[in-house]
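Here is a small set of exercises for practising how to read a protein model. Try each task on your own before you look at its solution.

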Amino acid sequence: MNLSRRTLLASAAATPLLTGAGVALGAGEAAAAPARLREALDHGLARLTTVAPGITSFPEITRFEKWTYVADGGWVGGFWPGTLWLAHLCSGDARFRALAEAANDRLAPRRLDPRDHDLGFLFYPSWVTAYRLTGDTKWRDGAIDAAATLTQRWNATGKFIRAWGRLGTPGNAGRVIVDTMMNLDLLAFATEQTGDRRFLNIAIAHARTTRTHFLRADGSTPHVFDFDPDTGAPIGPGTVQGYSPASCWSRGQAWGIYGFTTMYRRTGLHEFRDTARRMADYALSVLTPDHVPVWDYRSPLGANDVKDSSAGAIMACGLLDLAKATGTDRYRDRALKILDGLVTTCLTTRSARAEAVMARGTRNRPAEDGVEVSLPYGDYYLFEAILRVLEPARISKAIGL
């Protein structure tokens, strides 16, 4: 992995000193930040070099620091090949590309399966990235297939994409979740590649529905909002992974910050940029001093509750993007603080047993399912966030910034 080390050193030399939110960093502290990010990236590459050749399925969550798997990818299947593509991007190692392509191929059946809304999670980090990095139209065409499948879940009456439940069944037929904001960029990609505006029009309409019904006055959001699937009439907020319908699940808030900023970049519609700002401002106002989000910002345990490092990595990506979209340095400064918190307190560097790159994730706290674990999307967005800082041109090509 010497190639990545040399590349990252050269990139870091061009990285300007940065200031924290409201407090200037000393020269020594500012200079140390890129070095810590390089070390974290090298840790990730080393861990993947050891673990990835033995993985022939899709990591879902760790149990006792070892990956467990979901054979068809579940909703997380795109993050494993996505991480391998980013590892190839920053290291130049052809082994990562070969492993990424093999993992991509295992996802192929899911591109035609409309069972849930997760097609963006599945095919954007994997197949869209593969097309952008290789130019192979196989990946582009498959991603367009997945986007077309996602449109089958469009409820034209309510103007929303149904999150859960098989089509033709009544369960969850009117359920929308904030996570779906991250699946909309697959639709934008399909319009970009085909010229068919229907994909992007659905994405815009869904984002507007989410903005109207999820966003509270203070910028926080619930996890879920239900509609009458027949009339489109709003029913009200709910939750599955947050503390309550009135709380603010930190990973959902991060999905929204990232997703609305992306929709602004794809459309130029200021309503989406402004929504992302309001969501970001709320999250930053309640972030704990260590800059690693608790799993729900309105948990009764407050700062003493368990963390979700994956929410921090996603939020860092969104804030870095929002800083560019708004010209506001404060968002970049806070993103760097979040990244510093993650790489100094959440990496698996002190464990010889761990197979993942980052620990301290929380999958579903209310169900007590996955607390203090590693998660494939945590690793993926940590890679992405670090590359947004150290290798902005390369990551821009990979994910279409």
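The exercises below start with the whole chain and then move to single helices and loops; keep in mind that this is a predicted model.

**Exercise 1. The overall build**

Task: Find out how many helices and strands the protein chain has, and check its radius of gyration against that of a compact globule.

Solution:
- Step 1. Begin with the inventory: the protein chain contains 14 helices and nine strands.
- Step 2. For 401 residues, a compact globule would have a radius of gyration near 21 Å.
- Step 3. The protein chain has 20 Å, which agrees with that expectation.
- Step 4. For the outline, the C-alpha atoms fill a box of roughly 60 × 45 × 40 Å along the principal axes.

**Exercise 2. Inside, outside and charge**

Task: Work out what share of the residues is buried, what supplies the exposed area, and how far apart the mean positions of the charges are.

Solution:
- Step 1. Of the 401 residues, 61% count as buried.
- Step 2. Look at the contacts with a separation of 6 or more: 66% of them join residues 24 or more positions apart.
- Step 3. The chain exposes about 14500 Å², and carbon and sulfur atoms supply 52% of this area.
- Step 4. Take the mean position of the 47 positive charges and that of the 41 negative charges; these two points are 2 Å apart.

**Exercise 3. Helix α11**

Task: Test whether the span of helix α11 fits its number of residues, then decide whether the helix is enclosed or open.

Solution:
- Step 1. Helix α11 covers residues 309-326, which makes 18 residues.
- Step 2. At 1.5 Å a residue, α11 should span 26 Å.
- Step 3. The end C-alpha atoms of α11 are 25 Å apart, so the span agrees.
- Step 4. Since 17 of the 18 residues are buried, α11 is largely enclosed by the rest of the structure.
- Step 5. Following α11 comes G327, with a positive phi near 70°.

**Exercise 4. Helix α7**

Task: Find which elements the buried residues of α7 pack against.

Solution:
- Step 1. Helix α7 (residues 184-194) is mostly covered, with eight of its eleven residues buried.
- Step 2. Among these buried residues are L184, L187 and F189.
- Step 3. The partners of the buried residues are α5 (119-134), α6 (137-151), β4, α8 (197-214) and α9 (250-267).
- Step 4. Just after α7 sits G195, whose phi is positive, about 80°.

**Exercise 5. A residue in a loop**

Task: Decide whether V70 is buried or exposed, and list its contacts beyond its sequence neighbours within four places.

Solution:
- Step 1. Locate V70 in the loop between β2 (66-69) and α3 (79-91).
- Step 2. The relative accessible area of V70 is 14%, and buried means under 20%, so V70 is buried.
- Step 3. Outside those neighbours, V70 is in contact with S57, F58, E60 and V76.
- Step 4. One of these, E60, is ten residues from V70 in sequence, with 6.0 Å between their C-alpha atoms.

**Exercise 6. Positive phi without glycine**

Task: Compare where K159 and E368 lie and how accessible they are.

Solution:
- Step 1. Recall the background: most residues other than glycine have a negative phi.
- Step 2. K159 is not a glycine, yet has a positive phi of about 60°; E368 also has a positive phi, near 50°.
- Step 3. K159 lies in the loop between β3 (154-155) and β4 (160-161), while E368 is in the loop between β8 (361-364) and β9 (369-373).
- Step 4. K159 counts as partly exposed at 45% relative accessibility, whereas E368 counts as exposed at 54%.

How values were computed
Residues numbered from 1 in each chain as written. Predicted model: local features only at pLDDT ≥ 70, side-chain atom pairs only at ≥ 80, totals over all residues. Heavy atoms only, no water. Helix = DSSP H or I, 4+ residues; strand = E, 2+ residues; numbered from the N terminus. Rg over C-alpha atoms; globule rule 2.2 N^0.38 Å. Buried < 20%, exposed > 50% of the residue type's maximum accessible area, 1.4 Å probe, protein only. Contact = heavy atoms within 4.5 Å. Areas by Shrake-Rupley, 256 points an atom, 1.4 Å probe, with all protein chains shown as cover. Lys, Arg positive; Asp, Glu negative; His and termini not counted. Charge placed at Lys NZ, Arg CZ, Asp CG, Glu CD. Expected span 1.5 Å × (residues − 1).
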